[in-house]
Amino acid sequence: MRSPVLATSLLIAVVAAACSHAPVVRPPAPAWPRAPAAPRLQWERSFPDPERPDQRSTLRKIFDVVLGAEPGDGEPALVRPFGLAALPGQLLVADPDGPALVRIDLAGATFTSIACEDGAWGAPMAVAVGTGGVIYVADAGLGLVVRMAADGRCDRWGLGVLERPAALALLGDRLYVADPPRHAVEVFGLDGVRQAGFGARGDGDEGFNFPTGLAAAPDGTLLVVDSLNFKVKRFRPDGLLLGSFGEAGEEEGLFMRPKALAVDAGGLVYVTDTQRGQVLVFAPSGAFLYAAGEVGDSPGQLSLPAGIAVGAGALYVADGQHRRVEEFRFIGDRS
């Protein structure tokens with residue numbers, strides 16, 4: 001119970017803040033690559049927005065302060081957003097430390113928790129959406145994939161096969177699942193039956209060393225972030241290696257700790273690097289184009305970025321340390 005003196009002080013502070021209408025001057029939104037190069041990505045907003053106007057009435061603010069409530073109480077908070085999937089007007093966020101699967105309505109910037117009726121999440125790391133609104137979640141805590149139908153019914157795949165699944169990609173009529181501690185990619189039919197698998201621990205192009213990201217490319221190939229081999233590898237759907245790009249290093253365009261990736265309709269590849277605090281952008285050939293974002297706490301700056309998704313005219317990045325998702329708008333020529 002708060003003391004009368006403390007409650008009165010808080011009440012005065014809230015009233016004073018409510019009566020203040022000083023204009024806020026914001027600097028131009030940062031864009032990348034930096035000048036003199038033509039910008040291609042510009043920071044747009046954050047979810048949740050730390051500067052979102054408080055829509056509560058003055059009286060409600062007073063009561064909430066006295067009672068110790070916070071704005072947005074009742075909405076799920078992001079603890080460590082990791083996996084992303086973009087849908088028209090929506091974004092799905094897998095949060096292993098929540099643990100939660102959160103739906104963000106992009107227009108209203110509202111958050112809603114999603115869960116199976118028959119159980120809680122363990123540590124959801126990745127999310128993908130198939131036809132008919134079916135949602136697939138890689139749950140590292142439970143060691144399986146959860147398939148959630150549009151009506152909310154859930155099936156569980158891969159028990160006894162998967163150890164800590166961390167990435168998903170839908171390619172044709174198959175679901176590909178990266179299992180980092182097993183240094184493997186497992187392949188399931190959309191009926192939940194395991195069809196194949198490929199990979200073993202190895203260096204360079206000889207195997208995997210903790211694969212952490214998957215994406216289906218528009219040419220029908222599968223891209224894999226081979227994190228500790230510091231490469232992005234391209235495979236045929238049957239697991240045949242077609243090539244790779246990337247290497248370790250501190251110079252621009254090299255990997256320090258690649259984590260996840262996304263591919264747009266033109267085949268451009270966007271890779272998050274948790275240690276760099278950046279998104280590295282590559283041509284379909286693997287040639288480095290530019291980097292977006294930077295380490296820091298200001299808008300557009302990242303700290304331990306993980307999951308990434310391409311939406312309608314935008315790129316979304318899960319910013320784990322800042323407990324938010326950043327939206328970057330495409331501007332100018334993407335290529």
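Here is a short chat about this predicted model.

Me: Let's start with the big picture. How many helices and strands does the protein have?
Reply: There are 335 residues to go through, and 50% of them count as buried. The accessible surface comes to about 15,700 Å², with 54% of that belonging to carbon and sulfur atoms. As for the elements, the tally for the protein is 2 helices and 27 strands.

Me: What is the strand order in the open sheet of 5 strands?
Reply: The pairing in this sheet is antiparallel. β1 (31-32) and β25 (305-310) stand at the edges with a single partner strand each, so one side of each has no neighbour in the sheet. Put those at the ends and the order reads β1-β2-β27-β26-β25.

Me: Which residue is the bridge partner of Ser 46 in β27?
Reply: Strand β2 covers residues 41-47 and β27 covers residues 324-330. The two run antiparallel and are joined by 6 bridges. In β27, the partner of Ser 46 is Glu 326.

Me: Is Ile 135 buried or exposed?
Reply: You'll find Ile 135 in strand β8, which spans residues 135-139. Even without counting residues up to four places away in sequence, it touches several others, including Leu 92, Leu 101, Val 127 and Met 148. Its relative accessible area is 6%, and the cut-off for buried is under 20%, so Ile 135 is buried.

Me: How far apart are the C-alpha atoms of Ile 135 and Cys 154?
Reply: Along the chain, these two are 19 residues apart. In space, their C-alpha atoms are separated by 9.4 Å.

Me: Which residue's backbone nitrogen does the side chain of His 183 reach?
Reply: His 183 is in the loop between β12 (174-179) and β13 (184-189), and at 6% relative accessibility it counts as buried. Leaving aside neighbours within four places in sequence, its contacts include Gly 199, Arg 201, Phe 208 and Pro 211. The backbone nitrogen that its side chain reaches, at 3.1 Å, belongs to Phe 210.

Me: On to charges. How many salt bridges does the structure hold?
Reply: Side chains of opposite charge can pair when their charged atoms come close. One of these pairs is Asp 155 with Arg 147, at 3.9 Å from N to O. Asp 155 is partly exposed, at 40% relative accessibility. The count for the structure is 16.

Me: Which residues are linked with Glu 186 in a network of salt bridges?
Reply: Begin with the bridge between Glu 186 and Arg 182, where N and O are 2.8 Å apart. Glu 186 is buried, with a relative accessible area of 2%, whereas Arg 182 is partly exposed at 30%. The network links Glu 186 with Asp 179, Arg 182 and Arg 194.

Me: What is the relative accessible area of Asp 319?
Reply: Asp 319 forms a salt bridge with Arg 324, and their closest N and O atoms are 3.6 Å apart. Arg 324 is buried, with a relative accessible area of 10%. Asp 319 is buried too, and its value is 0%.

Me: One more: what share of the contacts with a separation of 6 or more comes from residues 24 or more positions apart?
Reply: Here we look at contacts in the protein whose partners have a separation of 6 or more. Among these, the share from residues 24 or more positions apart is 44%.

Conventions
Residues numbered from 1 in each chain as written. Predicted model: local features only at pLDDT ≥ 70, side-chain atom pairs only at ≥ 80, totals over all residues. Heavy atoms only, no water. Helix = DSSP H or I, 4+ residues; strand = E, 2+ residues; numbered from the N terminus. Buried < 20%, exposed > 50% of the residue type's maximum accessible area, 1.4 Å probe, protein only. Contact = heavy atoms within 4.5 Å. Polar contact = N/O pair within 3.5 Å; in protein donor to acceptor, adjacent residues only side chain to side chain. Salt bridge = Lys/Arg side-chain N within 4 Å of Asp/Glu carboxyl O. Pairing = 2+ DSSP bridges. Areas by Shrake-Rupley, 256 points an atom, 1.4 Å probe, with all protein chains shown as cover.
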